[in-house]
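Me: I am new to this structure and would like the reasoning behind the words used to describe it. Please set each value against its cut-off.

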Amino acid sequence: MLIQALCTLQHSVAAIKLAPGLSPSSWFGKHMDRLRPKDLESDQKMSNEWTHGFCALPPCSLVCESCLCPCLVFGRTHERSKGNLEPQSVNLACLCYTVGCITGFFPLILCIERRRIRKQYNIQGGVCGDCWGSACCVGNVLIQSELETIARTRTAPPQAYQTVEGMRYAAQ
């Protein structure tokens, strides 16, 4: 079913009429910067924008995991945003999301988490965008939140331990 939907999407995209002189490859080349993560080290204004777009091209494993078991992605994202650099997927947030899926309240839970991440990293946006995204595009919101927390919690590699010289007292 998924493969059939992807094939249909591919045929739909191929059927789109572009302006004369504009090929799909030139359009994608021009707009590809929207899909790539922005460099955090070189741009200090990044704190007001998402590092990955809403329709970013994530790793295939993340796409599969967010489609097949979104509670694990949600739990890992929640833990990482709380400061845990090596989060466990199965945790209390994962359980809450699972209960939300069973009861139908998962868009509300996802909206609250997206808003919390947005506020934590000082990202522009509003509650309406959070609600619409969480209700209509669950996979995209999960993926964007996961990629955002990965990018924002990325740290420099640990430096080798350097010994400190012993204390010296000057003679008086």
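Me: What pattern does the protein chain follow, read along the sequence?

Reply: This is a predicted model. Along the sequence, the protein chain follows α-α-α-α-α-α-α-α. Its secondary structure amounts to eight helices and zero strands.

Me: How do you know which part of the model deserves caution?

Reply: Through pLDDT, the predictor's confidence in each residue, from 0 to 100. The protein chain averages 75, and 67% of the residues score at least 70. Over residues 1–45, however, pLDDT stays under 50. For that stretch the model has 21 contacts beyond four places in sequence. Where pLDDT is low, the predicted coordinates should not be read in detail.

Me: What makes α3 and α4 parallel or perpendicular to each other?

Reply: Their axes cross at roughly 110 degrees and come within 5 Å. Angles of 65 to 115 degrees count as roughly perpendicular. The angle falls in that range, so α3 and α4 are roughly perpendicular to each other. Helix α3 covers residues 60–68, and helix α4 covers residues 70–81.

Me: Which residues of α3 and α4 meet?

Reply: From α3 they are L62, E65, S66, C67 and L68, and from α4 they are P70, L72, V73 and R76. The residues of this contact divide into six nonpolar, one polar and two charged.

Me: Why is S66 of α3 called buried or exposed?

Reply: S66 lies in helix α3. Its relative accessibility is 5%, and buried means under 20%. S66 therefore counts as buried. Leaving out residues up to four places away in sequence, S66 touches V73, G139, L142 and I143. S66 and V138 are 72 residues apart in sequence, with 8.8 Å between their C-alpha atoms. Across the protein chain, 30% of the 172 residues count as buried.

Me: Why is α4 called oblique to α5?

Reply: The axes of α4 and α5 cross at roughly 140 degrees and come within 7 Å. An angle over 145 would count as roughly antiparallel, and 65 to 115 as roughly perpendicular. The value fits neither range, nor the one under 35 for roughly parallel, so α4 is oblique to α5. The crossing of α4 past α5 is right-handed. On the α4 side the contact is made by P70, C71, L72, F74, G75 and H78, and on the α5 side by A93, C94, Y97 and T98. These residues divide into seven nonpolar, three polar and no charged.

Me: What makes C101 partly exposed?

Reply: C101 is placed in helix α5. The relative accessibility of C101 is 38%. Buried means under 20%, exposed means over 50%, and partly exposed is in between. C101 therefore counts as partly exposed. The C-alpha atoms of C101 and C71 are separated by 8.7 Å, although the two residues are 30 apart along the chain.

Me: How do you know that α4 and α6 are roughly parallel?

Reply: Their axes cross at roughly 30 degrees, and angles under 35 degrees count as roughly parallel. The helices are therefore described as roughly parallel to each other. The axes of α4 and α6 come within 11 Å, and α4 passes α6 in a left-handed crossing. F74, T77, H78 and S81 in α4 meet I109, L110, E113, R116, I117 and Q120 in α6. The contact holds four nonpolar, four polar and two charged residues.

Me: Why is Q124 called exposed?

Reply: Q124 has 58% relative accessibility, and exposed means over 50%. Q124 therefore counts as exposed. Q124 lies in the loop between α6 and α7. Its contacts, not counting residues up to four places away in sequence, are N48, W50 and R118. The C-alpha atoms of Q124 and E49 are 6.0 Å apart, with their places 75 residues apart along the chain.

Me: Why does N122 count as partly exposed?

Reply: N122 is in the loop between α6 and α7. At 49% relative accessibility, N122 does not reach the level over 50% that exposed requires. N122 therefore counts as partly exposed. N122 also has a positive phi of about 55 degrees, although it is not a glycine.

Terms used. Residues numbered from 1 in each chain as written. Predicted model: local features only at pLDDT ≥ 70, side-chain atom pairs only at ≥ 80, totals over all residues. Heavy atoms only, no water. Contact = heavy atoms within 4.5 Å. Axes fitted to C-alpha atoms, helices over the stretch in contact; angles between N-to-C directions. Helix = DSSP H or I, 4+ residues; strand = E, 2+ residues; numbered from the N terminus. Left-handed = near helix turned anticlockwise from the far one by under 90°. Nonpolar A, V, L, I, M, F, W, Y, C, P; charged D, E, K, R; others polar. Buried < 20%, exposed > 50% of the residue type's maximum accessible area, 1.4 Å probe, protein only.
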